[in-house]
Amino acid sequence: MGADVSDKPRILFVDDEEKLLQAARRALVHGYDIHTALSGAEGLERIAADGPFAVVVSDMNMPGMTGVKFLIRVREAAPDTVRIMLTAYAEIGVAADAVNDGHVFRFLTKPCPRATLLTALEAAVEQYRLIRAERELLDKTLHGSLRMLSQVLSMANPTAFGQAL
């Protein structure tokens, strides 16, 4: 996994339109660590090689893999990553599939005003931080509870504790 030396949130944009990816990179370079991919397959490769990403923003209509299918695969590969759909196709069926199957956090339509995109990204990064904090808290609580139980067992029944080890 790629280590990020900056403290900027890492965002992956996936779209088959190179100009849109370049515009996103230019518009968001100061607040975010932007990565791009031209297809769902390339996006999945980036996640595997350079992840984790706080947020993945995907187009809907791309060659080889729809945005919904891509976001489903992102959810499987990186469940903590927050997913956003950014598409020119705002049909209700597409939106429903994105929300229900891809578990998207936001559904945005193109052209998307910069302020709207920034607001959605800020909310998505905050959601990612909450997910990670909750996971860390649960992990620490679980490990602490197991340590406590093993200490109690070692005091109450040293023979059973030795066998449990």
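**Salt bridges, sheet and cis bonds in a predicted model**

R132 forms a salt bridge with D80, and their closest N and O atoms are 3.2 Å apart. This pair links distant parts of the chain, since R132 belongs to helix α5 while D80 lies in the loop between α3 and β4, 52 residues apart. The two partners differ in their surroundings: R132 is partly exposed at 39% relative accessibility, whereas D80 is buried, with a relative accessible area of 8%. The model described here is a predicted one.

In general, side chains of opposite charge can pair when their charged atoms come close. The count for this structure comes to seven salt bridges. One of them brings together the side chains of K110 and D15, at 2.7 Å from N to O. K110 lies in the loop between β5 and α5 and D15 in the loop between β1 and α1, so this pair ties together parts that are 95 residues apart in sequence. K110 is buried, with 18% relative accessible area, and D15 is also buried, at 2%. Through shared partners, salt bridges join D15, E17, D59 and K110 into one network.

A pair within a single helix is found in α2, where the side chains of E42 and R46 meet in a salt bridge of 3.4 Å, N to O. These residues are four apart in the helix and therefore separated by about one helical turn. E42 is partly exposed, with a relative accessible area of 24%, and R46 is partly exposed as well, at 29%.

Turning to the sheet, five parallel strands form an open arrangement in the order β2-β1-β3-β4-β5. The edges are held by β2 (33-37) and β5 (106-109); each has a single partner strand, so one side of each is left without a neighbour in the sheet. On average, neighbouring strands are turned by 20 degrees against each other, direction ignored. Further in, β3 (residues 55-58) and β4 (residues 82-87) pair in the parallel sense over four bridges, with V57 standing opposite I84 in β4. Helix α3 (residues 67-77) packs on the sheet, where it touches β1, β3 and β4, and its direction makes about 170 degrees with that of β4.

Most peptide bonds are trans. A cis bond nevertheless joins G51 and P52, with omega about 5 degrees; P52 lies in the loop between α2 and β3. Another cis bond joins K110 and P111, with omega about -10 degrees, and P111 lies in the loop between β5 and α5.

Finally, the structure holds zero aromatic pairs. An aromatic ring does meet a charge, however: the charged end of R10 sits over the ring of F53, 4.5 Å from its centre.

Conventions
Residues numbered from 1 in each chain as written. Predicted model: local features only at pLDDT ≥ 70, side-chain atom pairs only at ≥ 80, totals over all residues. Heavy atoms only, no water. Pairing = 2+ DSSP bridges. Helix = DSSP H or I, 4+ residues; strand = E, 2+ residues; numbered from the N terminus. Axes fitted to C-alpha atoms, helices over the stretch in contact; angles between N-to-C directions. Contact = heavy atoms within 4.5 Å. Phe/Tyr/Trp six-rings, centres within 6.5 Å; stacked < 30°, edge-to-face > 60°. Lys NZ or Arg CZ within 6 Å of the ring centre and 35° of its normal. Salt bridge = Lys/Arg side-chain N within 4 Å of Asp/Glu carboxyl O. Buried < 20%, exposed > 50% of the residue type's maximum accessible area, 1.4 Å probe, protein only.
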